[in-house]
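User: I am new to this structure. Please take me through it in short questions and answers.

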Amino acid sequence: MGMSVTISAARAQDAEQILKLQYLCYQTEAELYGDYGIEPLTQSLDDLRAELAQGHALVARLGDEVVASVRGKIDEDGTARIAKLIVHPRMQRHGLGGRLLDAIEERFAAEPAAKRFQLFTGHRSESNLRLYRSRGYAPVSREQVGPRLTIVTLEKEAAAGAYVASA
């Protein structure tokens, strides 16, 4: 291949590439649950741009191409809610999802408000559940949102070392 994947903050001009990648990546989830009306497949470009402006977003690039992305934000109780971790199908199973998850956790842990990390996935999304468990996440709740889909919310505490105050 000759190029290495780099992880950096998403830029406003990345929105279109992220949306196209999101649409591609969520096809398998939609098929798994028999629901092509899920939010990642119906999100508009304007909604995505607003979401990017409200929190943190990272992308992984191979050259100029966005091949993975993750985003999230910290709420008022100190929970960093991580969402839409996506990796291009041709780049999956090479550790990129784990690298991106680690990178966004580091970004949130640098903020004194981040007390815990939380994310969610569908109950049948075994590869997602495996990744999250391997990174220390544990299920904290399950919510049935449809006849075929139960959302599993997973959480872990932020590392104590992340709260070093600067004097």
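User: Is Arg49 exposed, partly exposed or buried, and what is its relative accessible area?
Analyst: This is a predicted model, and the values are computed from it. Buried means under 20% and exposed means over 50%, with partly exposed in between. Arg49 falls in that middle class, with a relative accessible area of 41%.

User: Which residue meets Arg49 in a salt bridge?
Analyst: The two side chains come to 3.8 Å, N to O. Both residues lie in helix α4, three residues apart, about one turn of the helix. The partner is exposed, with a relative accessible area of 56%. It is Asp46.

User: Which residue meets Glu16 in a salt bridge?
Analyst: Glu16 is partly exposed, at 43% relative accessible area. Its partner also lies in helix α1, four residues away, about one turn of the helix. That partner counts as exposed, at 58% relative accessibility. The N to O distance is 3.7 Å, and the partner is Lys20.

User: Why do the buried residues of α1 lie on the same side of the helix?
Analyst: Helix α1 covers residues 15-25, and its buried residues are Ala15, Ile18, Leu19, Leu21, Gln22 and Cys25. They sit on the same side of α1 because their arc around the axis is only 165°.

User: Which elements do the buried residues of α1 pack against?
Analyst: The partners include both helices and strands. The helices are α2 (27-33), α3 (39-42) and α4 (45-54). The strands are β2 (56-62), β3 (65-74) and β4 (79-87).

User: Glu105 forms a salt bridge with which residue?
Analyst: The closest N and O atoms are 3.0 Å apart. The pair links distant parts of the chain, helix α5 (residues 96-109) and strand β7 (residues 150-157), 51 residues apart. Glu105 counts as buried at 9% relative accessibility. Its partner is buried too, at 18%, and is Lys156.

User: Which residues are joined into one network by salt bridges that share partners?
Analyst: The count of salt bridges comes to twelve. Some share partners, and these join four residues into one network: Glu39, Glu51, Arg71 and Lys84.

User: Where does pLDDT stay under 50?
Analyst: The protein averages a pLDDT of 90, and 93% of the residues score at least 70. One stretch stays under 50, and for it the model has five contacts beyond four places in sequence. Where pLDDT is low, the predicted coordinates should not be read in detail. The stretch is residues 161-167.

Terms used
Residues numbered from 1 in each chain as written. Predicted model: local features only at pLDDT ≥ 70, side-chain atom pairs only at ≥ 80, totals over all residues. Heavy atoms only, no water. pLDDT = per-residue confidence, 0-100. Contact = heavy atoms within 4.5 Å. Buried < 20%, exposed > 50% of the residue type's maximum accessible area, 1.4 Å probe, protein only. Helix = DSSP H or I, 4+ residues; strand = E, 2+ residues; numbered from the N terminus. Arc of directions from axis to C-beta.
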